[in-house]
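Thank you all for coming. I would like to take a few minutes to walk you through a structure that is new to most of us, so please have a look at it before I go on.

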Amino acid sequence: MEMIQGQLWYVGASFLWGVVLMFFYDFLLAARQRFRHGKVWILVEDWLFWAVAALLVFQMIFALNNGIIRSFFVIAFVCGMYGYRKLAKKHVQKGIYSFFGVIFRPYVWIMKKIRKIRKKTLKS
């Protein structure tokens, strides 16, 4: 019975890791929308994100199942990612964008004032 409970924890944790990784990837996508950058920088961001994600997932696999990857882990992980994308992505992205809007509102206001002053000084 204890073995079955351990495997159920493993499945649940893998499902949640799929959801959590997609949640943090949405933060990365929202940051890309706010701060435009080139293809090389996007490649570096993606590589770093997925490298860190792989290390964290490996740590979870090692801690819960002694490093043994099971097929149901992969299935639960992909189901967590897919479920997040289909059920929660739009709502979470709206929240992230409004969060970034609140955080960067003072910056945008200051930049507008600077542009106005710059326009006035360039005209005179």
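I will go through some aromatic pairs, then two helix contacts, and then a few single residues.

Before anything else, please keep in mind that this is a predicted model, so every value I mention is computed from predicted coordinates.

Let me begin with the aromatic rings. A pair of aromatic rings is described by the distance of the centres and the angle of the planes. The count for this model comes to 10 aromatic pairs. In one of them, Tyr-25 and Trp-50, the ring centres are 5.6 Å apart and the planes stand at 40°, so this pair is tilted, since stacked pairs need planes under 30 degrees apart and edge-to-face pairs need over 60. Tyr-25 belongs to helix H1, residues 2-34, and Trp-50 to helix H2, residues 39-65, so that the pair links distant parts of the chain, with the two positions 25 residues apart in numbering. Are these two partners buried or exposed? Tyr-25 has a relative accessible area of 12%, which makes it buried, while Trp-50, at 33%, counts as partly exposed, and the limit that matters here is that buried means under 20%.

The second pair I picked is Phe-73 with Phe-77, whose ring centres lie 5.7 Å apart with the planes at 25°, so this pair is stacked. Both residues sit in helix H3, which covers residues 71-87, and they are 4 residues apart, about one turn of the helix. Phe-73 and Phe-77 are both buried, and together with Tyr-10 and Phe-72 they form one aromatic cluster.

The same two phenylalanines come back when we turn to Ser-14, which is placed in helix H1. With a relative accessible area of 0%, Ser-14 is buried, and, leaving aside residues up to four places away in sequence, it touches Met-60, Phe-73, Ala-76 and Phe-77.

Now to the helices themselves. How do H1 and H3 pack, in terms of angle and axes? Their axes are 7 Å apart and the packing angle is about 40°, which means that H1 is oblique to H3. Their crossing is right-handed, and the residues of this contact divide into 17 nonpolar, 4 polar and 2 charged.

For H2 and H3, the axes come within 13 Å of each other and cross at roughly 135°, and these two helices are therefore oblique to each other. Here, too, the crossing is right-handed. On the H2 side we find Trp-50, Val-57, Met-60 and Ile-61, which meet Phe-73, Phe-77 and Met-81 in H3. The residues of this contact comprise 7 nonpolar, no polar and no charged ones.

Finally, I would like to point to two residues of helix H4. Gly-101 is placed in this helix, which runs over residues 89-123, and at 17% relative accessibility Gly-101 counts as buried. From Gly-101 to Arg-34 there are 67 residues in sequence, yet the C-alpha to C-alpha distance in space is 9.3 Å. Gln-93 also lies in helix H4 and, at 16% relative accessibility, counts as buried. If we again set aside residues up to four places away in sequence, Gln-93 touches Asp-26 and Leu-29.

That is where I will stop, and I am happy to go back to any of these places.

Terms used. Residues numbered from 1 in each chain as written. Predicted model: local features only at pLDDT ≥ 70, side-chain atom pairs only at ≥ 80, totals over all residues. Heavy atoms only, no water. Phe/Tyr/Trp six-rings, centres within 6.5 Å; stacked < 30°, edge-to-face > 60°. Buried < 20%, exposed > 50% of the residue type's maximum accessible area, 1.4 Å probe, protein only. Contact = heavy atoms within 4.5 Å. Axes fitted to C-alpha atoms, helices over the stretch in contact; angles between N-to-C directions. Parallel < 35°, antiparallel > 145°, perpendicular 65-115°, else oblique. Left-handed = near helix turned anticlockwise from the far one by under 90°. Nonpolar A, V, L, I, M, F, W, Y, C, P; charged D, E, K, R; others polar.
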